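Student: Could we go through this model together, with each label set against its cut-off?
Tutor: Gladly; let us look at it first.

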Amino acid sequence: MAFQLLINLTISFVWMFLYNAWDLPTFIIGYVVGGLILFVVRRFFHQPLYLIKVYAIIKLILLFFKELFLSNVTVVKHVLSPKLNIKPGIFALETDLKTDWEITLLSSLITLTPGTLVVDISEDQRTLYIHAMNIEDIEVSISAIKNSFERAIMEVSQ
Amino acid sequence: MRPNDVILKTATQLVTFIIIIFSIYVFLAGHHNPGGGFIGGLMTAAAFVLIGIAFDIKTIKRILPFDFKILTATGLLIAVLTGIGSFVFDSPFLSHTYDYFYLPLLGKTELATALLFDIGVYFVVIGVTLTIIYTIGEDN
């Protein structure tokens, strides 16, 4: 993964050395050539090609922007409505993610979703405690988090 | 029971490097733009203070395994030496000069002796700030 990216960057630098041109266009052309070489010899590596991971990361970023937009629309709806019909509460969510980095990313994404907010993480990092604006539809929110965010982060990190 | 602050620690590992690189940029921009040794040193010290908040003071000690008072003294020494250096060229104390040089890869570059003085200021500010934080933080 990171090793393949290093190889690609090295190929770009070798390309710049060969042309004796130290500018961005030469670097980008070298990078594209390196990507093509890596694509041809992709069966040589034990892990899948890192460009697949880049696609997963771009999908995660687009998901992030979509959730940011939707959460703000939802909050504006609740603020402007004449009657406040919400039932706040805290529930626990079991997570399958392992590393600190994944947990941090998942917590940030949950905090950005409409009506949910991470308040604490358990000592063994298996459970997130989430404050929900509407505790009524808890099952819906759990399954939504599981299906969208956890899957997207798993795709990046596996 | 201590709360599990995994989010703060993970974010710190990423943000610290951004703060340090920005502080170095501000330090180097000080000749023609807002910035300079003082604000650059304060920002670098702030990055280490953030590490101290997220982890603990022992971690700062492990990253920078030397006495901060010596760092302060080194900074003052550099600043004074740049002042004394002007005696070599028969000019008054603390006269500074600059010139344009052609360096490989960088092209035409302006090098000023005021930058050396600024490095002294930078070290003094980092040393003093971290000494204060360390002294207060260790108090039991």
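Student: What makes B:Asp67 partly exposed?
Tutor: B:Asp67 has a relative accessibility of 32%. Buried means under 20% relative accessible area, exposed means over 50%, and partly exposed is in between, with a 1.4 Å probe and protein chains only. So 32% puts B:Asp67 in the partly exposed class. Before we go on: this is a predicted model, where local features need pLDDT of at least 70 and side-chain atom pairs count only at pLDDT 80 or more, while totals for chains, interfaces and linings use all residues. Residues are numbered from 1 along each chain as its sequence is written, chains are lettered from A and ligands numbered from 1 in the order in which they are written, and side-chain values use heavy atoms, leaving out hydrogens and water.

Student: And why is B:Lys69 called exposed?
Tutor: Its relative accessible area is 52%, and the limit is over 50%, so B:Lys69 counts as exposed.

Student: How do you know that B:Asp67 and B:Lys69 form a salt bridge?
Tutor: The term asks for a side-chain nitrogen of Lys or Arg within 4 Å of a carboxyl oxygen of Asp or Glu. Here the N to O distance is 3.8 Å, so the pair qualifies. B:Lys9 and B:Asp5 also meet in a salt bridge, at 3.9 Å from N to O. Over all chains the count comes to 3 salt bridges.

Student: Which salt bridge links distant parts of the chain?
Tutor: That is A:Glu155 with A:Lys59, whose closest N and O atoms are 3.4 Å apart. A:Glu155 sits in helix 5 and A:Lys59 in helix 3 of chain A, 96 residues apart. Helices (H or I, at least four residues) and strands (E, at least two) are DSSP runs, numbered from the N terminus. A:Glu155, at 32% relative accessibility, is partly exposed, and so is A:Lys59, at 39%.

Student: Why does A:Glu102 have no salt bridge?
Tutor: The nearest side chain of opposite charge, A:Lys98, is 7.4 Å away, and the rule needs N and O within 4 Å, so no salt bridge is counted. (Lys and Arg count as positive, Asp and Glu as negative; His and the chain ends are not counted.) A:Glu102 is nevertheless buried, in helix 4 of chain A, residues 100-112.

Student: How do you know that the span of helix 4 of chain A agrees with expectation?
Tutor: The expected span is 1.5 Å times one less than the number of residues. For the 13 residues of helix 4 of chain A that gives 18 Å, and the end C-alpha atoms are 19 Å apart, which agrees.

Student: What makes A:Thr26 buried?
Tutor: Its relative accessible area is 11%, and the limit is under 20%, so A:Thr26 is buried. A:Thr26 lies in helix 2 of chain A. Leaving aside neighbours within four places in sequence, A:Thr26 is in contact (heavy atoms within 4.5 Å) with A:Trp15, A:Met16, A:Tyr19 and A:Ala21.

Student: How many residues are in contact between chain A and chain B?
Tutor: 11 residues of chain A are in contact with 8 residues of chain B. The count of salt bridges between chain A and chain B is 0.
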